[in-house]
Amino acid sequence: MRMPLALFLLALTVAPVTPAKVSAAEAGPSYEEAVLPLLRGSCVGCHNDAEPESGFSVETFASLRRGGDGQGDTVVPGNPAASVLLQRMESTGDDHMPPMNHPQPSAAEVQHLRDWIAAGAVPPAEDHPLSMGLVVPDLPGSSGPQPVTALAYSPDRSRLAVARGRSLEIAPVGPDGLPVASDADGVVSLGDLPGKVMAVHFASDGQRLVLAGGTPGLSGQAELRDAVSGRLLMAFAGHRDLLYDAELSPDGSLAGDGGLRPHDPALERCRRLAPPGDRRPQRRRLRSRLASRRRHARLSERR
Ligand code: HEC
């Protein structure tokens, strides 16, 4: 039993805990099994890190325990009846959660949550954000070459960029118009990109290229890379779904300061991860452009 002594004594006075119950607590339901499915299915849509209603996010165990603006910690380990988390779900008043006109968790899910709290609300082994926990079945991978997901010639047709899933190869093009063999000189191979590459485009000067991609239902990002060395110059991330495309502005002026002109409105919500060097003025300009686009997007959503 890892309950702090003070809490344990409190539990003893509020609801007497017999030795038998203490040992049951140790074998209590896990956070992953008893709590995560409920939070994912019924709560995280409104209580997430990006838009936490009432300051309350259920994305991690830590944020669940931190609680919201109004009520603080939502869990009293060992005491389901005193836990706001459960009180809100069992309330018959206006404060019922999730709000009555939204899908409700099943009675079994609520019971699992109650059991977990009663058993001491044991934290998960690793506290990953809920939105990072996309459950994907473990399928055997194919050993052959991966299918091409995107490709682009440089403007002068001297190089070809070929993306296969999470890898990218930038190769010089031979006289026949085809790329040279992968092990030839001048070929750059990048593996383990942050997600599947959906689009690749060269800047008009052929010196940089922009990639868009990600993992469906989880994350999307765009990257600006040096077209010769493959080096990452800048990354835009933060979108919660695959990014289908991103393009450099055709006049190249935005490409000069690394700005991206997104085709996907979702990119407007992205934030910069790896700014190169000190480019504050451009960064500020980019940020304010993104902010005004975001306002615009909100307005058109409301219409
Ligand atoms: C449709 C959106 C929506 C869903 C889904 C939802 N909530 Fe809420 N929640 C709200 C809003 C809005 C508030 C602020 C108003 C209030 O406190 O009633 C809130 C407030 C809360 C608070 C108070 C936080 C504080 O300290 O101020 C708790 C606790 C809470 N919700 C728990 C839950 C739980 C648990 C679930 C899932 C079983 C859930 N909510 C699902 C919209 C939602």
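This is a short tour of strand β6 and the two strands it pairs with, in a predicted model.

**Start with the whole chain.** Before zooming in, show the full cartoon: the protein chain has nine helices and nine strands. Colour by burial if your viewer lets you, and 26% of the 303 residues count as buried. Sequence-distant partners turn up often here: among contacts between residues at least 6 apart in sequence, 53% join residues at least 24 apart.

**Select residues 208-215.** That's strand β6. How many of its eight residues are buried? Seven are, so the rest of the structure largely encloses the strand. Buried here means that 20 or more other C-beta atoms lie within 10 Å of a residue's own.

**Add residues 196-202.** Now you have β5 on screen, running antiparallel to β6 and joined to it by six bridges. For a pair to click on, try Ala199, whose bridge partner in β6 is Ala212. Next, follow the backbone through the hairpin between these strands, where five residues sit between β5 and β6. Stop at Gly206, which takes a positive phi near 75°.

**Then add residues 219-226.** This is β7, which pairs with β6 over eight bridges, again in the antiparallel sense. Pick out Leu211 and look across to β7: which residue stands opposite? You should land on Glu223.

**Finish at the second turn.** β6 and β7 also make a hairpin, this one with three residues between the strands. Click on Gly217 in the turn, and you'll find a positive phi of about 75°.

Conventions
Residues numbered from 1 in each chain as written. Predicted model: local features only at pLDDT ≥ 70, side-chain atom pairs only at ≥ 80, totals over all residues. Buried ≥ 20, exposed ≤ 12 C-beta atoms within 10 Å, placed from the backbone. Helix = DSSP H or I, 4+ residues; strand = E, 2+ residues; numbered from the N terminus. Pairing = 2+ DSSP bridges. Contact = placed C-beta atoms within 7 Å.
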